[in-house]
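User: I would like to go through the terms used for this model and see what each one rests on. Please set each value against its cut-off.

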Amino acid sequence: MEQKKRIWVAVGVIENERGDIFIARRSSDRHQGDRWEFPGGKVESGEDLLTALDRELWEEIGIRVQDCTPFMELQHDYPEKQVLLDIWKVTRFSGEPFGKEGQECLWVPVAELHNYHFPDANGPIVARLQGLLV
């Protein structure tokens with residue numbers, strides 16, 4: 001049986017001073033395309049996790065992480081690959097996030113996140129964020 005490709009991903013749940021969460025729409029030509037996501041990306045070989053998080057958020061949405069805390073870890077199996085999501089809550093950053101790659105981006109109140117279609121692996125992140133409201 002063929003081993004699935006494993007991908008380690010650093011994910012930022014970016015929160016502003018109002019408590020809204022920043023999300024971006026995946027390009028239609030990417031895996032799980034046209035769905036909304038929490039920004040982030042692959043941790044490169046030999047790269048420190050927080051370095052990867054800062055690099056990915058800079059490349060994708062133009063911010064630098066100033067303060068973050070571990071939020072949760074998830075493993076999800078898609079038919080073609082397995083992802084390990086290392087998710088961090090980013091509460092302080094420099095710059096104003098925007099879609100550097102031309103992707104649509106929004107600040108969304110936590111209570112409305114379930115109205116957006118996320119990749120399957122992101123469901124538990126939304127559930128945990130919304131559970132924190134109770």
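Analyst: The strands come first, then the pocket, then the salt bridges.

User: What kind of model is this, and which confidence limits apply?

Analyst: It is a predicted model, in which local features need pLDDT of at least 70 and side-chain atom pairs count only at pLDDT 80 or more, while totals for chains, interfaces and linings use all residues. Residues are numbered from 1 along each chain as its sequence is written, and side-chain values use heavy atoms, with hydrogens and water left out.

User: What makes β1 and β6 a pair of strands?

Analyst: Strands are DSSP runs of E with at least two residues, and helices are runs of H or I with at least four, both numbered from the N terminus. Two strands pair if DSSP finds at least two bridges between them. β1 (residues 5-14) and β6 (residues 81-94) are joined by ten bridges, so they count as a pair, and they run parallel. Arg6 stands opposite Gln82 in β6.

User: How do you know that β1 also pairs with β4?

Analyst: Three bridges join β1 to β4 (residues 40-42), in the antiparallel sense. The requirement is at least two, so this is a pair as well. Val11 stands opposite Gly40 in β4.

User: What joins β5 to β6?

Analyst: Twelve bridges link β5 (residues 64-77) with β6, and the pairing is antiparallel. In β6, Cys68 has Val90 as its bridge partner, and Glu73 stands opposite Asp86. A hairpin of three residues connects β5 to β6.

User: Why are β4 and β5 called edge strands?

Analyst: The strand order is β4-β1-β6-β5 in an open sheet of four strands with mixed pairing. β4 and β5 each have a single partner strand, so one side of each lacks a neighbour in the sheet. From one strand to the next the twist averages 20°, an angle between N-to-C directions of axes fitted to C-alpha atoms, on a scale from 0 to 180 degrees.

User: Which strands make up the other sheet, and which of them are at its edges?

Analyst: An open sheet of three strands has the order β3-β2-β7, paired antiparallel. β3 (36-37) and β7 (105-108) are at the edges because each has a single partner strand. Between β2 (residues 21-25) and β7 there are four bridges; one partnership is Ile21 with Val108 in β7.

User: What makes a space in this model a pocket, and what volume does the largest pocket have?

Analyst: On a 1 Å grid over the protein atoms alone, where a 1.4 Å probe fits, a pocket is an open set with protein on both sides within 12 Å along at least five of seven lines. The largest pocket has a volume of about 380 Å³, the volume being the space filled by probe spheres set on the grid points. Lining residues have an atom within 4 Å of a point. There are 22 of them, and Val9, Arg26, Arg30, Glu37 and Val83 are the closest to the pocket centre. At least two lining residues come from each of β1, β4, α1 (49-61) and β6.

User: Why is Asp20 called buried while Arg18 is called exposed?

Analyst: Buried means under 20% relative accessible area, exposed means over 50%, and partly exposed lies in between (1.4 Å probe, protein chains only). Asp20 has 13%, so it is buried. Arg18 has 56%, so it is exposed.

User: How do you know that Asp20 and Arg18 form a salt bridge?

Analyst: A salt bridge is a side-chain nitrogen of Lys or Arg within 4 Å of a carboxyl oxygen of Asp or Glu. The closest N and O atoms of Asp20 and Arg18 are 3.3 Å apart, so the pair qualifies. The structure holds eleven salt bridges.

User: What makes Arg55 part of a network?

Analyst: Arg55 meets Glu44 at 3.9 Å, N to O. Arg55 lies in helix α1 and Glu44 in the loop between β4 and α1, eleven residues apart. Glu59 also forms a salt bridge with Arg55, at 3.3 Å; both lie in helix α1, four residues apart. Shared partners join Glu44, Glu47, Arg55, Glu56 and Glu59 into one network. Glu44, at 44%, is partly exposed, and Glu59, at 38%, is partly exposed.
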